[in-house]
Amino acid sequence: MPDRAALIEAQIPGLRRFACALLRGDRERADDLVQDTLERALASWHLRRTKGNVRSWLYTILHNRFLSEQHRAKRRGLHDSLNDQMDVPGIDGGQDSALEHRDLIRGFSLLPEEQRSVLLLIAVEDLSYEESARVLGVPIGTVMSRLSRGRERLRQLMYGDINEEDSHRQNGVLRRVK
């Protein structure tokens, strides 16, 4: 059986992509989140189920750390940087694909965190529905529902069926109606 360093090291690129996407392109915070995830994984290695999948275990730790930071930020209040815009990588020529890429990144950032997380885990990191459900701590049906809603909303944002303002309005807090 490979040693734990090799098992963990193989997952770092995917963890960085997932963290960066969750944090909407903030690479410094993403690197900090991955570092925190790796520290926790190494410190808790003895608690890991030996038959469990290291990959989904690491993604679960990362996602839980992300949620903890989100809750902590909400309690403290938001402290946004002065420049809140996300840098979009430039592409020489091929303006259409650059614009599509920009629209995709913008649309992706407008998705609710639950839908964004599921899309990242399944479409980018290639986790199964079952692994994604374990990582997020939700039933598999919830993963499938969030994935479907996220894909549809992203399509609407990409092709102009819904705009940013409408998306922000839809992401608002739901009221309880009696």
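These legends describe close-up views of a predicted model.

**View 1. The whole chain is helical in its assigned elements, with nine helices and zero strands.** Along the sequence the pattern reads α-α-α-α-α-α-α-α-α. The protein chain has 178 residues, and buried residues make up 35% of them. About 12,100 Å² is exposed, and carbon and sulfur atoms supply 49% of that area. Among contacts with a separation of 6 or more, 63% join residues 24 or more positions apart.

**View 2. The largest nonpolar core holds 38 residues.** Leu15, Phe18, Leu58, Tyr59, Leu62, Phe108 and Leu121 have the most contacts inside this core. Two or more residues come from each of helix 2 (12–22), helix 3 (27–43), helix 4 (54–76), helix 5 (95–110), helix 6 (113–124), helix 7 (129–136) and helix 8. Helix 4 gives the most, with seven residues. The core also draws on both domains: at least three residues come from each of domain 1 (1–80) and domain 2 (83–178).

**View 3. Leu121 is one of the core residues with the most contacts inside the core.** Leaving aside residues up to four places away in sequence, Leu121 touches Phe18 and Tyr59. Both of these partners are also on the list of residues with the most core contacts. Leu121 further touches Asp126, Leu127, Ser132, Val135 and Leu136.

**View 4. Gln115 sits in helix 6 and touches a set of residues that includes three arginines.** Gln115 counts as buried because its relative accessibility is 8%, under the 20% cut-off. Beyond residues up to four places away in sequence, its contacts are Arg146, Arg149, Gly150 and Arg153. Of these partners, Arg146, Gly150 and Arg153 are among the buried residues of helix 8.

**View 5. Helix 8 spans residues 140–158.** Its buried residues are Val143, Arg146, Leu147, Gly150, Arg153, Leu154 and Leu157. They cover an arc of only 145 degrees around the axis, so they lie on the same side of helix 8. The length of helix 8 also fits expectation: at 1.5 Å a residue, its 19 residues should span 27 Å, and its end C-alpha atoms are 27 Å apart.

**View 6. Gly160 follows helix 8.** The phi of Gly160 is positive, near 80 degrees. The helix that precedes this glycine runs over residues 140–158, and Leu157 is one of its buried residues.

Technical notes:
Residues are numbered from 1 along each chain as its sequence is written. This is a predicted model: local features need pLDDT of at least 70, side-chain atom pairs count only at pLDDT 80 or more; totals for chains, interfaces and linings use all residues. Side-chain values use heavy atoms; hydrogens and water are left out. Helices (H or I, at least four residues) and strands (E, at least two) are DSSP runs, numbered from the N terminus. The expected span of a helix is 1.5 Å times one less than its number of residues. Buried means under 20% relative accessible area, exposed over 50%, partly exposed in between (1.4 Å probe, protein chains only). The arc is that of the directions from the helix axis to the C-beta atoms. A nonpolar core is a set of buried Ala, Val, Leu, Ile, Met, Phe, Trp, Tyr and Cys residues joined through side-chain atoms within 4.5 Å. Domain bounds come from an automatic or database domain assignment. Contact means heavy atoms within 4.5 Å. Accessible areas come from the Shrake-Rupley method with a 1.4 Å probe; for residues, only the protein chains shown count as cover.
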